[in-house]
Amino acid sequence: MSTPAVAETIRVGATSGPHAQILEAVVPVAKSRGLDIKIVEFSDGTMINPATDSGEIDANAFQHTPYLDRQNRDRHLDVVSVARTVLMPITAYSKRHATVAGLPRGGEIAIPNDPTNSGRALKLLEGSGLLRLKPGTGFEATVFDIIDNPNGFRITELEAAQIPRVLADVDLGVINTNYAIRAGLDPRKDALLRENELSDYFCLIGVARRNVEQPWVKTLVESFRSDEVKTFIIGTFKGDILAGW
């Protein structure tokens, strides 16, 4: 174990739900190593990286690498990853149909509208044979990359957090695990489709580049990636969320 950091307080941002829950488990581990963590919950995840970049908060733990890369590019930020944390597989649900095979022709499928998760959702649908994308299309796929949609599904892009709320009104909804759990869905029992374990979509701890060498960063990383936190994740989420260490 490394030497505890000088006693200090940092602010770590996360979206409400599982990300904040996991940080709650990190808090006592960090405290035992001399670091006090104040969790700052955001209802709007798009504000977390700007807050990290500006110094409003010191670090964050809520996003995957493709999302961070796009935020840095589009919003001219300089937030970097200092550690891999957890994987929250994206999943698809229906309140109207028991199986994917039961989806009707012309049915409506809701997917997240943010660029990284919309592409992720489309790849999930392609992998399940519901549609086909242009050859070589990666995880930045858009609806314009669909080249074959034999059942004429209508793809509706919505804010990710809103999809659980409209699930009864669509035939299938592709939902990020954190939002699914917050909505009372069980990814193991309720999901009709589930993403494979893709390393690009493991979440991370992000800090402003200027802070990378600060002693508290190492303590935060070691506390998050501790045996205690891994045990919490396994016991609490039972495979819905996977520890990346």
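This passage describes the nonpolar cores, one open sheet and two helices of a predicted model.

The largest nonpolar core holds 29 residues. Seven of its members touch the most others: Ile22, Ile37, Val86, Trp216, Leu220, Phe224 and Ile233. Several elements supply two or more residues each to this core. The strands among them are β1 (8–15), β2 (35–42), β3 (59–64), β4 (79–87) and β12 (202–208). The helices are α1 (18–32), α7 (215–224) and α8 (227–237). A second core is separate and has 18 residues, including Ile90, Ala121, Leu125 and Ala141.

Ile233 illustrates the packing in the largest core. With residues up to four places away in sequence set aside, Ile233 touches Ile22 and Val86. Its other contacts on that basis are Lys238, Ile241, Ala243 and Trp245.

Helix α7 is mostly covered, with seven of its ten residues buried. The buried positions are Trp216, Val217, Thr219, Leu220, Val221, Ser223 and Phe224. Of these, Trp216, Leu220 and Phe224 also belong to the group with the most contacts to other core members.

The open sheet comprises five strands in the order β9-β6-β10-β5-β11. Its pairing is mixed. Strands β9 (154–158) and β11 (193–194) form the edges, each pairing on one side only. Strand β5 (residues 91–93) runs antiparallel to β11, and two bridges join the pair. Within β11, Leu193 stands opposite Ala92.

Helix α4 (residues 115–127) lies across β5, β6 (108–112), β9, β10 (172–175) and β11. Relative to β6, helix α4 runs at about 140 degrees.

Notes
Residues are numbered from 1 along each chain as its sequence is written. This is a predicted model: local features need pLDDT of at least 70, side-chain atom pairs count only at pLDDT 80 or more; totals for chains, interfaces and linings use all residues. Side-chain values use heavy atoms; hydrogens and water are left out. A nonpolar core is a set of buried Ala, Val, Leu, Ile, Met, Phe, Trp, Tyr and Cys residues joined through side-chain atoms within 4.5 Å. Buried means under 20% relative accessible area, exposed over 50%, partly exposed in between (1.4 Å probe, protein chains only). Helices (H or I, at least four residues) and strands (E, at least two) are DSSP runs, numbered from the N terminus. Contact means heavy atoms within 4.5 Å. Two strands pair if DSSP finds at least two bridges between them. Axes are lines fitted to C-alpha atoms, for helices over the stretch in contact, and angles run from 0 to 180 degrees between N-to-C directions.
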